[in-house]
Amino acid sequence: MNRPLVIPSIAADIRAGNRAALARGITLIESRRADHEATARELVQELLPATGNAIRVGITGSPGVGKSTTIDALGMDLIARGHRIAVLAVDPSSVRSGGSILGDKTRMARLAAAEAAYIRPSPAAGTLGGVAARTREAMLLCEAAGFDVILVETVGTGQSETAVYDMTDFFLALMLPGAGDELQGIKKGLVELADMIAVNKADGDNLSRANRAAAEYRSALHILSPRSENWSPPVLTYSGLTGSGIPELWRKIVEHRAAMNKSGEFAQRRSRQQVKWMWSMFEDRIKARLRNDPAIRAKVKATEAAVSEGRVTPALGASQIAELLR
């Protein structure tokens with residue numbers, strides 16, 4: 001990142017599928033330097049006409065559910081069908097936990113070695129909003145580089161699920177058989193977000209437990225109002241280890257895309273996501289200004305102290321900070 005970046009040149013290299021240029025572009029997007037952020041915006045704008053054609057799939061599930069094994073199996077199946085796969089992560093705590101792709105990349109050994117795949121872990125630990133925003137931009141660069149399927153993995157905890165749902169076309173929730181979490185998943189709100197539920201490890205002695213878990217989810221889905229009148233989330237069983245059921249997962253994703261296109265919901269969802277991305281990035285820019293401007297930062301610290309000590313109400317403190325940005 002030390003050399004001057006010529007936007008048309010790196011954009012052309014990315015469109016040509018140059019992996020080094022793609023990696024450099026994503027590194028630029030992840031940078032917090034003000035000059036890099038401005039250049040990154042230029043780069044994404046330059047590449048915008050070459051984006052938007054990929055199928056964007058969000059994949060979530062609790063730790064141990066087999067996300068990496070599933071992504072490896074699904075990715076290799078898609079490569080055999082002629083697709084090019086990019087795998088991205090949304091994990092603001094990855095540096096601390098070693099979670100998600102950073103910790104499990106060895107479980108995607110086949111995909112990591114495949115020429116038609118590109119795997120990129122989430123950036124350094126930070127706020128979910130910041131990480132999600134950079135993942136969105138990275139997704140656009142991958143699309144411009146010719147990857148036609150983008151798999152976005154989330155750690156499966158808290159708001160990261162909603163963040164991934166808001167940047168993908170299809171949201172896949174992975175579950176374990178016999179883990180006693182069938183109804184707990186509904187409490188978390190995960191089932192309401194899911195476009196499909198897939199129970200992993202449906203092999204060997206686990207097969208009957210996987211089928212029972214799938215039946216539990218199907219029953220649970222019947223009492224929920226479907227998010228779309230054009231799609232009822234299916235519940236499937238599969239094995240990431242043996243590959244059994246993996247082609248069926250993809251078939252359902254393709255069926256969903258066709259149904260959403262036919263009804264017009266696909267374009268509506270993408271449009272809503274674009275507006276959400278804009279506001280998310282606007283909020284990130286506001287916070288960055290509060291963080292990076294020395295004069296403003298000092299006044300914010302003073303306001304924080306006044307609120308902490310009870311001399312100023314939180315409402316008045318928020319108003320004072322808002323005034324600093326005028």
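The accessible surface of the chain in this predicted model amounts to about 15600 Å², and carbon and sulfur atoms contribute 54% of that area. Of the 326 residues in the chain, 48% are buried. The secondary structure comprises 16 helices and 7 strands. Among contacts with a separation of 6 or more, 76% are accounted for by residues 24 or more positions apart.

Strand β2, which spans residues 85-90, is mostly covered, with 6 of its 6 residues buried. In a regular strand, side chains alternate between the two faces of the sheet. In β2, Ile85, Val87 and Ala89 point one way, whereas Ala86, Leu88 and Val90 point the other way. Residues of both sets are buried, in keeping with the covered character of the strand as a whole.

Two pairings were identified for β2. With strand β3, formed by residues 117-120, β2 pairs in the parallel sense over 4 bridges. Strand β4, formed by residues 149-154, also runs parallel to β2, and 6 bridges join these two strands. Alanine 86 takes part in the register of both pairings: this residue stands opposite tyrosine 118 in β3 and opposite isoleucine 150 in β4. The side chain of Ala86 points the same way from β2 as those of Leu88 and Val90, and this residue is buried, as they are.

Key: Residues are numbered from 1 along each chain as its sequence is written. This is a predicted model: local features need pLDDT of at least 70, side-chain atom pairs count only at pLDDT 80 or more; totals for chains, interfaces and linings use all residues. Side-chain values use heavy atoms; hydrogens and water are left out. Buried means under 20% relative accessible area, exposed over 50%, partly exposed in between (1.4 Å probe, protein chains only). Two strands pair if DSSP finds at least two bridges between them. Contact means heavy atoms within 4.5 Å. Accessible areas come from the Shrake-Rupley method with a 1.4 Å probe; for residues, only the protein chains shown count as cover.
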